[in-house]
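Work through the exercises below with the sequence and the 3D view open. Each task is followed by a solution in steps.

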Amino acid sequence: MQTLHQSQLLQNPAEAANNQSESDAPPKQVAQAMERLNQAARVIADIRLGADRILEAMFVASQPRHTDMPLQLFLREDASMRQHLQDLRLIGKKLEESGVLTESLRSRSNSWGLHMPLVCPDGAVVAYAWKRQLAGQAGASAVDRTRLALKAFTDQKRRFFPHIDDGLKMEPSSKKHRASHLLLENGREEPVDYKTLPDIQSRLEKLVPSVKVSTYGRLNWLKRANSLPGSGSDDPTEASKPIFQSSSKLRSGLQTEVVDKIAVIELSFPSLFRAIVSLSPAGSVDPDAVAFFSPDEGGSYLHARGFSVYHVYKHITEHAATALQYFLGFGTGTALYSLLLWICSFESVFSKPCTYADSP
Amino acid sequence: MLKDQANQLEFPRDFLGISLADQPNKYYFIIRTQRIVLEADSSIQLIMEKLQSYKSKVALYFDGFQYQLGDFRLRVGKVVPTHSENVRGIVMEVEYLPISSMEKAQKVMEEFLEIWNEALAKRSLPGKFVNIDLNFGEFGLGDIYTPQHTAVRYALVMAHMIATVQAVRG
């Protein structure tokens, strides 16, 4: 019968696997791991079918009949289920040993820089392909691996955030009213043609004189974030000297930054907040994340997907994520400009009273 | 937190010395009449003891608890002279942590104090919290809040405390 046949098949590779030593080359280990994952998926499907059959047998048994057919069904399904579960346990053990469910392969020395396929908690399998590496070709395959990883991430993104690509219709909140108001006012002045980053930047600086807009490539932004004074430093005179030096270095470096490498936009309102917007892909005008921070915060956690240590900026960041989806939902390519204007409307966050809260 | 008063012949006869719990390496000198605040290393106290040119007249301790309410940090403590158990008063520090500009945080602080006073009013406690406004500019301090601002504030509080003590005695 089908079920018995399958379990026999599974036992043989299990035995064979026991004989293989760990001196297998990593590509073979990865191939084995992928195969075992597929086997596990098949066994799980069998278990599901077996469970259905058992339920069916129970249903049949509940009908008044005078045969012992249900009993035979039960015994058969019970045996095959036990076998399936046993097989699954075996495969699971093998996978664990080979480091698929944990990340132990990475700690082994001779792994050629390859990674075992990872099983995520939700069941998705992330497999990294590889190329054979000879000395000197490591760089090329790293690029390929990165490209494959990006593809894997994009697939995950499409799977878990399907609405991002389709555009999201959201209810506008009070702050968005303010920003769209601002947009309408300015739209009447000139035709909105802010498709390039320099245009957007100069327009914004004219509209909102108190904001400081700076653009960075990703690596430069990381350097800047790390050079900002952290919230621990209390003495502004001491802290200002190193920033001054490094920011002037960065400024001269920034002038040579090519427009198509710009991936991070920093909007800074002195003494109020610092907003970070990230662009994806670099050089485009498509924002994909935004976060707010205190002007006194510094460190590598300051980026468009990071969170401030202060509640007020955490809340604003959450609102900003919603606003970003709202602006992207229009699909007209004006999302960045709208988002930046919306961010600037927070200039009065500490001075204007909230008009939509219930008064105590 | 300590406060000293000292005597000296030609120049201002007394100054206030303050050490803050969250700045263990620093010691602050304040001469209110001249609007001077100075931040020094805490080892200056040792030097002064060795010089023997200053004597401590009065020392007050501000001792209490620190609380975090969202982005606000509260310190509430009682004021006690060193060799006595009498509580001279209660001091509360309120700090809004996200921003350092006093001007920008003013509205937020005012709202907090409104809520605080409302909550206290329902409890019918004896006494009232009084916020004394201070012109930091006279001390050469700017809008960005620093430990020196804190030291100046405490100097003012101490002066008030001493004045009330003397009024009670005299």
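**Exercise 1. Contacts and cores**

Leaving aside neighbours within four places in sequence, which residues is A:F273 in contact with? The model is a predicted one.

Solution. Step 1: set aside the residues up to four places from A:F273, as the task requires. Step 2: list what remains, namely A:L267, A:S268, A:F292, A:F293, A:P295, A:Y313, A:I343, A:F346 and A:E347. Step 3: place A:F273 in its wider setting. The largest nonpolar core has 47 residues, and A:F273 is among those with the most contacts inside it, together with A:L267, A:F292, A:Y313, A:L336, A:W342 and A:I343. Step 4: find the main contributor. Helix 11 of chain A, residues 335–344, gives the most to this core, with 9 residues. Step 5: look for a further core. Another one, of 19 residues, lies apart from it and includes B:Y28, B:F136, B:A155 and B:M158. As background, nonpolar side chains in soluble globular proteins tend to be buried together.

**Exercise 2. A serine in a strand**

Decide whether A:S214 is buried or exposed, and find what A:S214 touches.

Solution. Step 1: locate the residue; A:S214 is found in strand 3 of chain A, which covers residues 212–216. Step 2: apply the cut-off, where buried means under 20% relative accessible area. Because its relative accessible area is 11%, A:S214 is buried. Step 3: leave out residues up to four places away in sequence; A:S214 then touches A:V264, A:I265 and A:E266. Step 4: follow one of these contacts. A:E266 belongs to a network of salt bridges with A:R224 and A:R274.

**Exercise 3. Salt bridges within a chain**

Describe the salt bridges A:D288 with A:R305 and B:E138 with B:R35, and say how far apart the partners are in sequence.

Solution. Step 1: take the total, which is 10 salt bridges over all chains. Step 2: in chain A, the side chains of A:D288 and A:R305 meet at 2.8 Å, N to O. A:D288 sits in strand 6 (residues 287–293) and A:R305 in the loop between strand 6 and helix 10, 17 residues apart. A:D288 is partly exposed at 23% relative accessible area, whereas A:R305 counts as exposed at 53%. Step 3: in chain B, the side chains of B:E138 and B:R35 meet at 2.6 Å, N to O. B:E138 is in the loop between helix 2 and helix 3 of chain B and B:R35 in the loop between strand 3 and strand 4, so the pair ties together parts 103 residues apart in sequence. B:E138 is partly exposed, at 43%, and B:R35 also counts as partly exposed, at 36%.

**Exercise 4. Where the chains meet**

How many residues does each chain give to the contact, and what kinds of residue make up the chain A side?

Solution. Step 1: count the residues; chain A gives 16 and chain B gives 17. Step 2: take the area. About 1300 Å² is buried between the two chains, with carbon and sulfur atoms giving 53% of it. Step 3: count the links. There are 0 salt bridges between chain A and chain B and 4 residue pairs in polar contact. Step 4: assign elements on the chain A side. Helix 9 (236–255) and helix 10 (311–329) of chain A give two or more residues, and the largest share, 3 residues, comes from helix 10. Step 5: sort by class, which yields 8 nonpolar, 4 polar and 4 charged residues on the side of chain A that touches chain B.

Note on methods. Residues are numbered from 1 along each chain as its sequence is written. Chains are lettered from A and ligands numbered from 1 in the order in which they are written. This is a predicted model: local features need pLDDT of at least 70, side-chain atom pairs count only at pLDDT 80 or more; totals for chains, interfaces and linings use all residues. Side-chain values use heavy atoms; hydrogens and water are left out. A nonpolar core is a set of buried Ala, Val, Leu, Ile, Met, Phe, Trp, Tyr and Cys residues joined through side-chain atoms within 4.5 Å. Buried means under 20% relative accessible area, exposed over 50%, partly exposed in between (1.4 Å probe, protein chains only). Helices (H or I, at least four residues) and strands (E, at least two) are DSSP runs, numbered from the N terminus. Contact means heavy atoms within 4.5 Å. Buried area is the accessible area (1.4 Å probe) that two parts lose on being put together, summed over both. A salt bridge is a side-chain nitrogen of Lys or Arg within 4 Å of a carboxyl oxygen of Asp or Glu. A polar contact is a pair of N or O atoms within 3.5 Å; within protein, one must be able to donate a hydrogen and the other to accept it, and residues adjacent in sequence count only if both atoms are side-chain atoms. Ala, Val, Leu, Ile, Met, Phe, Trp, Tyr, Cys and Pro count as nonpolar, Asp, Glu, Lys and Arg as charged, and the others, Gly among them, as polar.
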